[in-house]
Amino acid sequence: MFNPSRLRLARLRLGLTITKLAETSGVSLRSLTEYENGKREPSEENLTRLAGALFVAPHFFEREAIDPVPVEAASFRKLSKATATRRGAVLATAALTIEFFKTIENRFRLPDPSIPSFDKLSPEQAADLVRRQWNLGDRPISSMVHLLESKGVRLASLNHEYSDIDAFCFIQDGVPYVFLNTSKSGERQRFDAAHELGHLVLHGHLEMVPATSKSREAEANAFAANFLMPRSAVLAQSMNGAGIDRILAARSYWRTSAMAMTHRLRELQLLSDWQYRSTCITLSDRGYRRSEPDGIMPETSQLLRKVMYGSQSRVSAKDAATALDIHPGEIREYVRHLVPISAA
Ligand SMILES: [Zn+2]
């Protein structure tokens with residue numbers, strides 16, 4: 001049984017219009033439209049053509065119905081019109097990534113989701129309370145990825161072709177998903193992970209309407225800064241008027257970017273406006289705006305590594321690809337840089 005929603009999803013995930021797919025597959029525009037509307041089923045020959053053009057196995061189209069993750073559910077940073085197609089591709093891929101995690105759950109018991117919801121608190125209060133509930137004290141978080149995975153978050157990598165979309169998250173059937181841009185520095189990925197945690201804690205049950213996106217972003221950033229660099233602990237470090245060397249030492253301690261550390265000190269009024277500006281200029285001159293000299297290694301996933309490369313009943317990229325009727329290379333995209341390259 002041919003499933004029209006599968007054809008649509010496979011097309012959207014590549015960012016293709018129907019016209020473009022007609023060109024690349026050699027199937028007429030009219031037929032394609034009828035297939036997607038469920039008016040007609042493709043012939044064997046056209047099915048093979050479509051499978052080839054969309055990089056899926058012909059059986060992919062016979063699987064159960066699937067829809068892209070709804071855009072109102074996802075915490076996108078940029079909501080401009082220009083990225084609508086790209087965002088659509090990311091949301092269609094996210095739906096397949098959910099299927100990937102379900103394949104894993106057929107063989108492994110993954111941690112139950114346990115992300116608290118504090119939609120009535122300020123971002124700072126919420127960050128403090130999450131730290132307290134999770135017994136994290138005032139210490140630096142050693143790994144945001146491991147922490148989130150242990151709390152039942154399913155973490156995947158955003159396709160690097162769409163890295164302008166940036167990290168995002170959503171909750172589906174009570175399970176939180178976070179997609180990280182794993183082409184960024186380790187420090188920035190940590191901040192992104194904390195930012196998405198902020199969305200889950202503060203906005204998990206809201207519709208992500210564009211009208212309030214600016215304030216949501218500011219709140220998630222405030223949550224992230226306070227979660228990674230708690231107010232009381234930073235204040236206890238006597239950083240008043242700190243120079244570059246002290247700031248660099250502090251960012252290594254907290255495992256954040258030098259820019260985020262500087263911003264945090266300004267927020268806590270430990271740097272004057274003038275000190276803040278001149279520090280930013282110096283850091284920028286030394287390359288800290290675009291990258292993170294002498295930074296940390298990006299974090300990797302413990303969960304995916306165990307599940308995909310462990311010895312017992314593992315789900316390899318190939319197994320998962322076979323189970324989902326897609327290409328193993330696509331599975332590797334879902335976990336890119338989250339597991340060792342050699343293993344993937
Ligand atoms: Zn956000």
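These legends walk through several close-up views of a predicted model.

**View 1. Strand E3 and its two neighbours.** Let's start with strand E3, which covers residues 175-180. On one side it has strand E1 (residues 154-157), and the two pair in the parallel sense over 4 bridges. To find your place along this pairing, look for Ser 157, which stands opposite Leu 180 in E3. Strand E2 (residues 168-172) also pairs with E3, but in the antiparallel sense, over 5 bridges. Here a handy landmark is Ile 171, whose bridge partner in E3 is Pro 176. E2 and E3 make a hairpin with 2 residues between them. In that turn, Asp 173 has a positive phi of about 50°.

**View 2. The two faces of E3.** Is E3 covered on one face or on both? Both faces are covered. Val 175, Tyr 177 and Phe 179 are buried on one side, while Pro 176, Val 178 and Leu 180 are buried on the other. With 6 of its 6 residues buried, E3 is largely enclosed by the rest of the structure.

**View 3. Helix H13, from buried side to exposed side.** Helix H13 runs over residues 273-285, 13 residues in total. From first C-alpha to last, H13 reaches 18 Å, close to the 18 Å expected at 1.5 Å a residue. Its buried residues are Thr 279, Cys 280 and Leu 283. Seen down the axis of H13, the buried residues fall within an arc of 100°, so they line one face of the helix. An α-helix has 3.6 residues a turn, so residues three or four places apart point the same way. Turn to the face away from the buried side and you will meet the exposed residues Trp 274, Arg 277, Ile 281 and Asp 285. What covers the buried residues of H13? The cover includes helix H11 (244-254) and helix H12 (258-267). After H13 comes Gly 287, with a positive phi near 90°.

**View 4. Two separate nonpolar cores.** The largest nonpolar core holds 101 residues. Which of them touch the most other members? They are Phe 61, Phe 100, Met 144, Phe 168, Phe 227, Leu 304 and Ile 331. Helix H5 gives the most to this core, with 11 residues. A second, separate core has 7 residues, including Ala 258, Met 259, Leu 283 and Tyr 288. If you zoom in on Ile 331, its contacts more than four places away in sequence are Phe 100, Met 308, Ala 317, Ala 320, Ala 321, Leu 324 and Ile 326.

**View 5. Ala 95 in helix H5.** Ala 95 lies in H5, which spans residues 84-105. Is Ala 95 buried or exposed? Its relative accessible area is 7%, under the 20% cut-off, so Ala 95 counts as buried. Leaving out residues up to four places away in sequence, Ala 95 touches Leu 9, Ile 66, Asp 67, Pro 68 and Val 69. Ala 321 makes a useful reference point: Ala 95 and Ala 321 are 226 residues apart in sequence and 14 Å apart in space, C-alpha to C-alpha.

**View 6. A look at cysteines.** A disulfide is a covalent bond between the sulfur atoms of two cysteines. How many disulfides does a search of the whole structure find? The search finds 0. Two cysteines are picked out in this view. Cys 169 counts as buried, at 1% relative accessibility. Cys 280 is buried too, with a relative accessible area of 11%.

Note on methods:
Residues numbered from 1 in each chain as written. Predicted model: local features only at pLDDT ≥ 70, side-chain atom pairs only at ≥ 80, totals over all residues. Heavy atoms only, no water. Buried < 20%, exposed > 50% of the residue type's maximum accessible area, 1.4 Å probe, protein only. Contact = heavy atoms within 4.5 Å. Expected span 1.5 Å × (residues − 1). Arc of directions from axis to C-beta. Core = buried A, V, L, I, M, F, W, Y, C linked by side-chain atoms within 4.5 Å. Pairing = 2+ DSSP bridges. Disulfide = S-S within 2.5 Å.
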